[in-house]
Every structure is written in C-alpha cells, then in structure tokens.
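Q: Got a minute to go through this one with me? Let's start with the overall picture and then get into the side chains.

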Amino acid sequence: MFYDVRHIPRLTLQSPCADVRECACASISRMVQQSQTIPSFLQRDAVRRLGPLLLDSCVAVRETAAGALRNLSACGSPEVCEDMVRQDILTPLITLLRECCSGFDVNPSPKNLKSTVEDVANEAINLLWNLCENSSQAVSLFNKAGLLDVLVLCLERHEQKVELALSAAQCLHTVTEENAELLGSVNVAVLSALEAVLLSTHPDMQHTLLRTLAAGSLWNLKNSIPVGRQAQTLSALVATLSASLDLDGAALIPDLLQAEAARHANDAAHAGDQRAESPEEHHHLANGAEEEMEEMEEEEGEERVNGGHTARKNKDFSDLLPQGKEELREATALLLSQQTSLEVIVNMCCSDDPSDDEWEEMSSGDESEACEVGSLQSPLCLSAEVHSALIHHCIPQKVLKKAEFPSPAAVDACGRNSSWKSLIKKMHRVQCRALTCLHNILATMDTEPLGGVAGLQMVAQHLASLVFSSAEVLKEEEFLEAVTSALRSLLQIMASKNIPQCMSPQQLMGVCEAATRCDVMSVRVNALAILGITGSTLAKETGSADTLQMIGTALLSVASKDSNLVVCGEALDALFDVFADGAEAEKAARNIHLLAALKALQPVFKSKLRKEGKGNYSPEQLCVLDNIKVNLRRFIGYLETLKKN
C-alpha cells in the first residue's frame, strides 16, 4: 500500500483552519519520504502550493511546510531540487529566513509552544542547504540575496540551539566551496563567528561535528582571511580536524548503543505512567479539523507506522532521523565529523586552484624540494605552514589509523540493531575517505611520519590485505578505487626511493586480478599501474624472471581483451616499464613471446583507436593514447633490436 497524493486536496492546504493546514503539510512530509510518490506531487504543483505556506500566519504551519519541502528536496533527485528552484521556491524561503532571524531575540517563544522561530529556521536552513547542494542556480541566488549573514546569525546561536547552528554550518560548508563570488561578502563578522565555533568546548558529538564543519568553511574561505590572522586560524583549523580524528569510533559506537539500550529499559519501567499522561497525536486539533482530516488519517494509518520510516532508512538521511534517537544522532554526528575532517584534509593536500598559494606571506619561496616528483604525475606542493601544521598534529598517522576502521566489534554491534545498520555504510565511508586522504598525503608530504622504510612496507602490506578483507569488499567500487589509488601512490614512492617491495607475487597478482574485474575504469587503471611499478622494480633483481612472466602475461591479456582503450593503453604503458631493461626482463620477454604478441596487437590497437577514439574519449585521453601508439611502435623496434643481438 502506498500513499495516494489525491488525499491532499488543494482545499486542505488552503483550509481556514491552521491545524488542518499543518496536518496536510505533515502528511506530505511523510509521503515524500517514499521517493516513488515524488513525481505525482510535482505533477500536482506541490511546490507552488506549499511555497505560500512558508509565510503562513501560523508558526506551526510554517515549520511543517518547510519540513515538507525539505523532505521533498532531500528524498528527491538533484533534478527535483533544480525544479524547485525553477518554480521560485527561494523567493518565499529567503523572506522566511530573514523574518526568522529578525525574530530570534524579539519576544522569545515560550518553551511550551509546539513550534518556535528557531524550529522554523532550522527546517528552512535545511531546505536551503539541500537546494544549494544540488543546484548551482540556488547558489547563485544565495549569493545575490546576501544570505551569508543569515547563516552567521544561526551559527552564533550554537550555545542555545545546536541543531540550528549545525544546519547553518552544513549549509555554509556547502555554499563556500569553490564559490569565488561569495568571497567578497566575507567580513570580520563571518570569520569571527566561525572562529568562535572552533574555540567552543562542548564535548558532545553534535558540537564536534559543528566545529569540524566550521573548520571546513574556514579552509574554503582561506583567501579572505587577513594576513595577520592566517597563522592562528590555520593552527586552530588543523587542531579541530585532529581532535575529530582522535575520537575512537570503535569504542564510542558500542558505548552509545549500550546507552540507548539502558535508556529504553528505563523508559519501559515508566511506560505505564507515560501512557497515562501522554496525549494522542492529534488531540491539539480543533473539532472541525479532526473531522476534515479523518479520512486522510484512515488512509495513512498502517503506512505511517510501517512505511513512514522505511524510505528514510533506505535513503540513509541522518537529518530525517525521528526524535528519541539521541544516541544514534550522536553516533551519526561522530562519523560525519570524521568523514568531513578527512575530506577537508584531502582538499588541503590537493588543489588545482592557483589561488591556494595565496596565503600571502605565509607561503615559502621555493618548496620544490619538499615534493618528490613521480613518473605518473607531478605531486602538488603544500605551503611550509600547512605541512608543518599537519605534521605537528600527527595527521598522517591519524589518517592511517582511520584507514583500518571500522572495527569488527562496532560493525557487529550495529548489524544486530535494525535502527543502527545504516551506520555500517557510514563507517566504511570514513575508511574510504581515509584511503583517499592517504593517497593525497603520500603525493604531497614527506613520508617519514608514516614510519620510514619499515613503516611504508607495513602500510603497503596493510593496503594489499584490505582488498581481501571480505568477499563483499570486492563489490564496493568506491572502496576499491580508494585503496588501489593509495597503493599505487605508495608503491610509486617506494620505487622512487629504491625501497624494496614487500608484497609476494601471489599477493600482487591477487590484488590486480581482483581490481581488473571491477567495472570502474579507474580501478582497473590503478591495478595495471601497480603491476607496472612493481614489475619495473623487480626487473632490477636477480631471479625475478618467473614473476615478470606472470606480470607480463596478465598485462598482455588486459591489453588485448579490455573493451576500454584507456585501460588497454595503461596495460601497454605498464608493459613498456616492466620490460624496458635488464637481463631478467629480456629472459621473461622471450619466454612469453612478447615481441610476437605486441606485433599482433599493434594493428588492432591502431584500428580501435581510429574507429572508436573520437567521440568516446576526451582530447586529453586521445593525446595520451596517441603517445602510447607511438611508444608501441618504438618498443617493438627495441625488442627487435634485442632479438638480433
């Protein structure tokens, strides 16, 4: 049984009774959590009909209307958000936000009221956040409307209303990312509000997440920070990220689960008294409202209880968690804080934006010596101050630790509780972000903090073992991309430093066989690069011909059979590296008949490039493939020369 949108008629939303309007909005809010209902709502012009209710004379109606639109934007696709922006939902939303902010400190709402100005603002900010996250037009309208001050006012209320401040911080973190137009609006009040959040000391996880988001926003706005405040701000920013990563999710999550169980047991002991005192859900309705909503309630009955939260869980929206889940909210905030911290560090260690060098006088003159240049790509350089801050707070070691997360105990505990199962995916997401972060750290920082030669070898073994941690892992494309990228970067650095490889041939081939079966092109490319890096290192060692044969056979198979030309090209490139020089390489090449195989492959590769290249690949990819075609001809010539000699 599904909700039928026909049970929310136009008259219900336009009823003269505020309670009826509120219930209609609440019903829509529940219904749209089932994504299959959203097209019907859009066809019935739900956005334009709900928009005026954002400015309803009743505060409770404003809150539920904003909540319905928020759920619509969260449970729908990015196209739904684009459509909401096109239908001008931002005009009443902006007016609502400004009215809310002007009413924060004027006649504060009594605590016993069903809805407060802060509650309305929280729903409205979440709606704004969803729209800006999915629509560039929404971000542009945000800039033009000057809504930065609205977010700052909400952020400043973190002492009184942490949920409102958290929503504002999430929205701010989104709108400040790659938004050059916004930088001109950043003033001392904005920076001071963010810095005040960094200096807050509340130990709960929601405040931890709040501080992490503020740190991320400050990094996004770094080019607006005055020179005199940059060093202090950077130090506080990295300290915040470090504190988030220090938290031990493996211990905290089972503890929070136990706390929830204890609270439920205590609640059950007082259930009789609570039932006697608790009013029915809609007893606040006027008699007329009860009659008008009766039919709707009958239709919704079972579905509201059994189906109302299902889509919420499947969609994995932490902001749609029902009330009474304080421990689950804390656990979710913990994991999101650590995920966000790792994403900020990824951005700190990787940027294409030339303006990232503009930390004014903080940047050192020549940092080229701090970066190792690999043959695969030129790593990016960090300013001396950023590098120093990351090292001072032991960020590389903490990132490496998170690459080992999640713990089996935490996963098992969450797996036994249906409400907490969604956290397992969040735990794995933290691990994926840690692996991506490790990849960038390896490309931009000195590797000594990871333990020198022995430490790097241990990391390589650990990364290889992760691929085989479970059969399910091989189905996780995001994880495979992260772990193979990190392993590729690490092995490249080890090769450039002449550090012996520590993976056995069986481990190496196992990693690459698992990765080459993946549908994601970048994972297959990483696997082939790993074979090339390892093979070229082994070619310098005596007695490695058998392993080189194994590597060469695998690379030839991919070069001749993979449907993607970029992958075929990477396999050929790896072959050039492995068999470029050395007696062991020459022996292995003869044993696998490499020359004959490449001669047979050459016309096929050229033909596929000519027929499939244009239109299917980017100009950059075609340029690389053309170079590989030329290098293939030259390498065949090199092998022919060796044969004659």
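A: Sure, one term up front: buried means under 20% relative accessible area, exposed means over 50%, and partly exposed is in between, with a 1.4 Å probe and protein chains only. This is a predicted model, where local features need pLDDT of at least 70 and side-chain atom pairs count only at pLDDT 80 or more, while totals for chains, interfaces and linings use all residues. Residues are numbered from 1 along each chain as its sequence is written, and side-chain values use heavy atoms, with hydrogens and water left out.

Q: OK, so what percentage of the protein chain's residues count as buried?
A: 53% of the 645 residues.

Q: And how many helices and strands are there?
A: The protein chain has 33 helices and 0 strands. Both are DSSP runs numbered from the N terminus: helices are H or I with at least four residues, strands are E with at least two.

Q: What about the exposed area of the protein chain?
A: About 29300 Å², with carbon and sulfur atoms supplying 51% of it. Those areas come from the Shrake-Rupley method with a 1.4 Å probe, and for residues only the protein chains shown count as cover.

Q: Which share of the contacts joins residues at least 24 apart?
A: 76%, counting contacts in the protein chain between residues at least 6 apart in sequence. A contact is heavy atoms within 4.5 Å.

Q: Pick a helix. How many of the residues of α5 are buried?
A: 16 of its 17 residues are buried, so α5 is largely enclosed by the rest of the structure. Helix α5 covers residues 59-75 and reaches 24 Å from first C-alpha to last, close to the 24 Å expected. The expected span is 1.5 Å times one less than the number of residues.

Q: And what does α25 pack against?
A: Its buried residues pack against α22 (395-402), α24 (422-444), α26 (477-496) and α27 (505-516). Among those buried residues are Gly452, Leu456, His462 and Val467. Helix α25 (residues 452-467) has its end C-alpha atoms 23 Å apart, which agrees with the 22 Å that its 16 residues should span.

Q: Switching to charges: how many salt bridges does the count come to?
A: 20. The rule is a side-chain nitrogen of Lys or Arg within 4 Å of a carboxyl oxygen of Asp or Glu.

Q: Which part of the chain does Glu118 sit in, and which does Arg157?
A: First, the two side chains form a salt bridge at 3.1 Å, N to O. Glu118 is in helix α8 (residues 117-134) and Arg157 is in the loop between α10 (148-155) and α11 (162-175), so the pair ties together parts that are 39 residues apart in sequence.

Q: Are those two buried or exposed?
A: Glu118 and Arg157 are buried.

Q: Where else do salt bridges turn up?
A: Glu195 and Arg229 meet at 2.4 Å, N to O. Glu195 belongs to helix α13 (residues 188-198) and Arg229 to helix α15 (residues 227-246), so this pair ties together parts 34 residues apart in sequence. Glu195 is buried at 17% relative accessibility, while Arg229 is partly exposed at 22%. There's also a network in which salt bridges with shared partners join Arg263, Asp267, Glu326 and Glu327.

Q: Now aromatics. How many aromatic pairs are there in the whole structure?
A: 2. Rings of Phe, Tyr and Trp (its six-membered ring) pair if their centres lie within 6.5 Å; planes under 30 degrees apart are stacked, over 60 edge-to-face, and the rest tilted.

Q: Which residues do the ring pairs link into a cluster?
A: Phe576, Phe635 and Tyr638. Phe635 and Tyr638 have ring centres 5.7 Å apart and planes at 35°, so that pair is tilted. They lie 3 residues apart in helix α33, about one turn. Phe576 is buried at 9% relative accessible area and Phe635 is buried at 7%, whereas Tyr638 is partly exposed at 28%.

Q: Last one: which residue has its charged end over the ring of Trp219?
A: Lys222, at 4.4 Å from the ring centre. A charge sits over a ring if NZ of Lys or CZ of Arg is within 6 Å of the ring centre and within 35 degrees of the ring normal.
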